[in-house]
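Got your viewer ready? Load the model shown here, keep the selection tool handy, and let's walk through it stop by stop.

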Amino acid sequence: MSEEPAEVLRSAEELRVEHVRVPRERVRFRKRIVSEVRTVQVPVRVEQLVIEHEPLDADGTAPAGRTTPAEPLEIVLHEEVPVVSLRVQPTEVVRVGVRTAAAEQVVQAQLRTEQVAVDEVATRDPATGASSPPG
């Protein structure tokens with residue numbers, strides 16, 4: 001009597017690694033205004049009243065052609081005053097972009113493999129009932 005060979009399907013785990021893109025963080029891009037105090041020296045001019053004294057003639061009268069005004073004289077004196085004005089002037093353009101940096105990570109996993117073991121069992125002869133050693 002011929003016996004057919006026995007078969008066992010053996011399996012093993014294999015490691016497969018894929019990439020999944022996941023959000024990492026949220027970044028906000030905004031600008032803010034920073035104030036600073038700046039001191040600048042500005043030259044200014046001021047009109048000043050100048051009084052010139054002239055000597056009188058020998059008889060104590062004013063020189064010819066000079067008369068004394070009936071009313072007091074008024075003169076308006078002027079001065080320069082710094083006027084500060086501010087204007088916004090573009091100074092630079094800032095660009096923000098995203099760049100992908102490549103790196104490697106080590107992934108470690110424990111893999112299992114099925115093994116087939118054959119246990120030898122003594123067989124009995126149906127005619128005699130005696131056990132025979134394997135083989």
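## First stop: Glu13

Select Glu13, which sits in the segment before E1. Here E1 is a strand, and the naming goes like this: helices (H or I, at least four residues) and strands (E, at least two) are DSSP runs, numbered from the N terminus. Before moving on, two notes on what you're looking at. This is a predicted model, where local features need pLDDT of at least 70 and side-chain atom pairs count only at pLDDT 80 or more, while totals for chains, interfaces and linings use all residues. Residues are numbered from 1 along each chain as its sequence is written, and side-chain values use heavy atoms, with hydrogens and water left out.

Is Glu13 buried or exposed? Neither: with 34% relative accessibility, Glu13 counts as partly exposed. The cut-offs are under 20% relative accessible area for buried, over 50% for exposed, and partly exposed in between (1.4 Å probe, protein chains only).

Now show what Glu13 touches: leaving out residues up to four places away in sequence, you'll find Gln110, Leu111 and Arg112. A contact here means heavy atoms within 4.5 Å. For a distance check, click Gly97 as well: Glu13 and Gly97 are 84 residues apart in sequence, and their C-alpha atoms are 42 Å apart in space.

## Second stop: Arg112

Keep Glu13 on screen and add Arg112. Their side chains meet in a salt bridge, at 3.0 Å from N to O. Arg112 lies in the segment before strand E1 (123-124) and Glu13 in the segment before E1, so this pair ties together parts that are 99 residues apart in sequence. The term salt bridge means a side-chain nitrogen of Lys or Arg within 4 Å of a carboxyl oxygen of Asp or Glu. Arg112 itself is exposed, at a relative accessible area of 60%.

## Third stop: Arg45 and Glu80

Next, select Arg45 and Glu80, whose side chains form a salt bridge at 2.8 Å, N to O. Both Arg45 and Glu80 are in the segment before E1, and the pair links distant parts of the chain, 35 residues apart. Arg45 is exposed at 61% relative accessibility, whereas Glu80 is partly exposed at 33%.

## Fourth stop: Arg24 and Glu25

Now pick Arg24 and Glu25. The side chains of these two meet in a salt bridge, 2.7 Å from N to O. Arg24 is exposed, with a relative accessible area of 75%, and Glu25 is exposed too, at 55%. How many salt bridges does the count come to? The answer is 5 salt bridges.

## Last stop: zoom out

Clear the selection and look at the whole chain. Its secondary structure comes to 0 helices and 2 strands. Turn the C-alpha trace around: along its principal axes it spans about 180 × 20 × 20 Å. The radius of gyration is 56 Å, but a compact globule of 135 residues would have one near 14 Å. That radius is taken over C-alpha atoms, and the globule rule is 2.2 Å times the number of residues to the power 0.38.

Try colouring by accessibility to finish: buried residues make up 0% of the 135 residues. Among contacts between residues at least 6 apart in sequence, 68% join residues at least 24 apart.
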